[in-house]
Amino acid sequence: SLPNLESANDIYIVSDSVKKVELDKLVRVNKSLYERSMNLAEFSLQSMVNCSGSLSVIGLSGTSSSVSATTANQTLTDLKFNKLESVNGDFTIKALWGAKNLKLPLLKSVGGAFTIDELRYITEIKLPALTVVGGAFASTSNDAMTTFSAPSFAETGAFTLKGYNQYVLSLTKLDIPELAICHGAFSVSNGSIENLIIPKLRIVERGLSFTQMQFTESIEVPALEVVGDITLNSLNLIKEFDASKAKQHSNIAINVTISGCAALERVKLPAVITQLNLTDAKTSTSGELIKIENVEEVTSRMSITASKFSKIVVPAIRKINSISISASSTTSIEFPATDSIGTFNLQNYNKLTTLNAPELTKCQSFTIQRCAKLENLNFPKLKTVNEKFKLEGTSTAVLTSLDAFSALEYANEVEIKNWGNLVDFTGIKGVISNITESAWNVSGNKYNPTYEDMVNGNYVQNN
């Protein structure tokens with residue numbers, strides 16, 4: 001106890017023997033205040049207005065690095081900073097399992113990171129005056145918290161709100177109506193918020209993430225203009241999500257990951273994204289893949305996992321750099337609107353019978369490999385494959401002709417092999433005038449026309 005201390009440069013208290021810290025006349029700390037004690041029962045800073053450095057109140061035992069029932073403070077119940085207006089450095093409140101009241105009525109700004117972690121029995125965190133956090137804000141593992149409210153909070157370096165795990169369902173209210181700018185990632189995980197809206201959030205320079213919110217029915221970010229990655233994971237009840245007005249920040253990629261959202265039907269995304277990783281959690285074989293709207297181009301990779309679907313209709317995206325599809329039960333794949341694919345590569349689809357790409361005009365490379373039941377192909381506009389055009393079957397493959405590729409005019413190289421019933425190469429006669437003999441590789445099929453055969457018009461096996 002230092003009842004008359006009004007200012008100090010540094011205050012450093014680390015001892016599990018300390019049970020009471022009383023600094024009621026302390027107004028200002030010019031550098032940092034650090035307190036760490038597992039057995040602290042009273043902490044009083046009734047007059048403190050500003051800390052020019054970092055401020056830490058940590059309930060861990062002085063020798064411990066992990067938080068548990070045997071290392072966390074369970075004796076401090078009230079933590080009040082009634083006059084505190086600013087912390088210029090980091091502000092950390094951690095491992096106070098007994099805390100039930102946290103009061104910060106006048107706190108306006110934190111220059112560094114602001115962390116509230118492992119206050120296991122706190123039911124409300126209210127920061128009525130907070131407007132800006134220069135570093136990352138994080139409220140984590142505050143598992144009894146039902147309400148988080150920061151009605152004036154407008155700008156932060158990053159924002160994380162997360163329970164200890166997916167079984168923590170206490171949080172029902174998130175009130176951040178003025179939050180507009182997040183210079184890092186924005187993440188909300190766990191809880192039972194029924195309808196989540198962040199009405200003024202305009203800029204998220206890194207990732208926007210909503211995960212493990214099994215009882216949330218809707219999520220809205222209507223003002224979003226700039227975003228990095230987007231992650232939607234284990235949101236069991238939401239049907240729609242809209243981030244279509246957003247664009248990427250500077251040169252930061254927009255990688256979109258959607259998984260474990262069983263009720264999700266429609267997602268509106270930015271017009272240009274870097275990656276799209278889509279795992280559809282529906283279990284019905286007759287269901288429809290999640291509709292992805294507004295996207296015109298995927299500049300890197302698109303991945304679709306839909307193991308239960310018998311038919312996959314690829315989202316209506318005009319340009320895709322490369323695509324992979326994991327769908328072991330699929331008999332039909334359709335690309336209804338895609339006109340350009342960089343790397344087209346479909347391999348090992350044992351049940352696939354139908355492949356339809358009515359608008360596809362060009363690919364960088366084109367591969368269909370080991371799809372033995374594939375017999376219905378439709379590529380009526382495919383004219384150009386800049387690199388290799390490769391079809392590799394099996395001895396039992398049912399495909400008999402290549403008529404589906406009758407529009408093909410150019411491929412840098414052609415490799416067609418091991419189609420046990422293929423006898424008609426008429427569909428690719430248009431490429432012969434544009435390749436050399438060394439670029440023609442045909443073998444292991446029922447009919448194997450040489451380059452000279454094709455030049456001479458011998459496209460079909462003579463009986």
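**Close-up 1. The largest pocket is lined by 17 residues.** Ile219, Glu220, Val221, Phe241 and Asp242 are the lining residues nearest the centre of this pocket. Three elements each give two or more residues to the lining: strand 25 (218-220), strand 28 (240-242) and strand 31 (266-268). The space inside comes to about 280 Å³. If you sort the lining by residue type, you find 7 nonpolar, 2 polar and 8 charged residues. Please keep in mind, here and in every view that follows, that this is a predicted model.

**Close-up 2. Strands 28, 31 and 33 form an open sheet with parallel pairing.** Two of these strands, 28 and 31, will be familiar from the lining of the largest pocket. The order across the sheet is 28-31-33. Strand 28 and strand 33 are the edge strands and have a single partner strand each, so one side of each has no neighbour in the sheet. On average, neighbouring strands here are turned by 10° against each other, direction ignored. Strand 28 is joined to strand 31 by 3 bridges, and the two run parallel. To find your way along this pair, look for Phe241, whose bridge partner in strand 31 is Val267. Phe241 is also one of the residues nearest the centre of the largest pocket.

**Close-up 3. The second largest pocket has a volume of about 230 Å³.** Its lining consists of 13 residues, and Glu288, Leu289, Lys291, Val313 and Val314 are the closest to the centre. Strand 33 (291-293) and strand 35 each supply at least two of the lining residues. The largest share, 3 residues, comes from strand 33, an edge strand of the sheet in the previous view. By residue type, the lining of the second largest pocket divides into 8 nonpolar, 1 polar and 4 charged residues.

**Close-up 4. Four strands make an open sheet in the order 35-37-39-41.** The pairing in this sheet is parallel. At its edges are strand 35 (311-313) and strand 41 (376-378), each of which pairs on one side only. From one strand to the next, the twist averages 5°. Strand 35 and strand 37 (residues 332-334) run parallel and are joined by 3 bridges. Within this pair, Lys311 has Ser332 of strand 37 as its bridge partner. Strand 35 also supplies at least two residues to the lining of the second largest pocket.

**Close-up 5. Glu334 lies in strand 37.** Which residues does Glu334 touch, not counting those up to four places away in sequence? The contacts are Lys311, Ile312, Val313, Val314 and Asn356. Val313 and Val314 appeared earlier, among the residues closest to the centre of the second largest pocket. For a sense of distance, compare Glu334 with Asn378: they are 44 residues apart in sequence, and their C-alpha atoms are 9.4 Å apart in space.

**Close-up 6. Tyr34 has bridge partners in strand 2 and strand 8.** Strand 2 (residues 11-14) pairs with strand 5 (residues 33-36) in the parallel sense, over 4 bridges. In this pairing, Tyr12 stands opposite Tyr34 of strand 5. Strand 5 is also joined to strand 8 (residues 55-58) by 4 bridges, and these two strands run parallel. Here the bridge partner of Tyr34 is Ser56 in strand 8.

How values were computed. Residues are numbered from 1 along each chain as its sequence is written. This is a predicted model: local features need pLDDT of at least 70, side-chain atom pairs count only at pLDDT 80 or more; totals for chains, interfaces and linings use all residues. Side-chain values use heavy atoms; hydrogens and water are left out. Two strands pair if DSSP finds at least two bridges between them. Axes are lines fitted to C-alpha atoms, for helices over the stretch in contact, and angles run from 0 to 180 degrees between N-to-C directions. Contact means heavy atoms within 4.5 Å. On a 1 Å grid over the protein atoms alone, a cavity is a set of points where a 1.4 Å probe fits but cannot get out, and a pocket is an open set with protein on both sides within 12 Å along at least five of seven lines; lining residues have an atom within 4 Å of a point. Grid points are joined across faces, edges and corners, and a volume is the space filled by probe spheres set on the points. Ala, Val, Leu, Ile, Met, Phe, Trp, Tyr, Cys and Pro count as nonpolar, Asp, Glu, Lys and Arg as charged, and the others, Gly among them, as polar.
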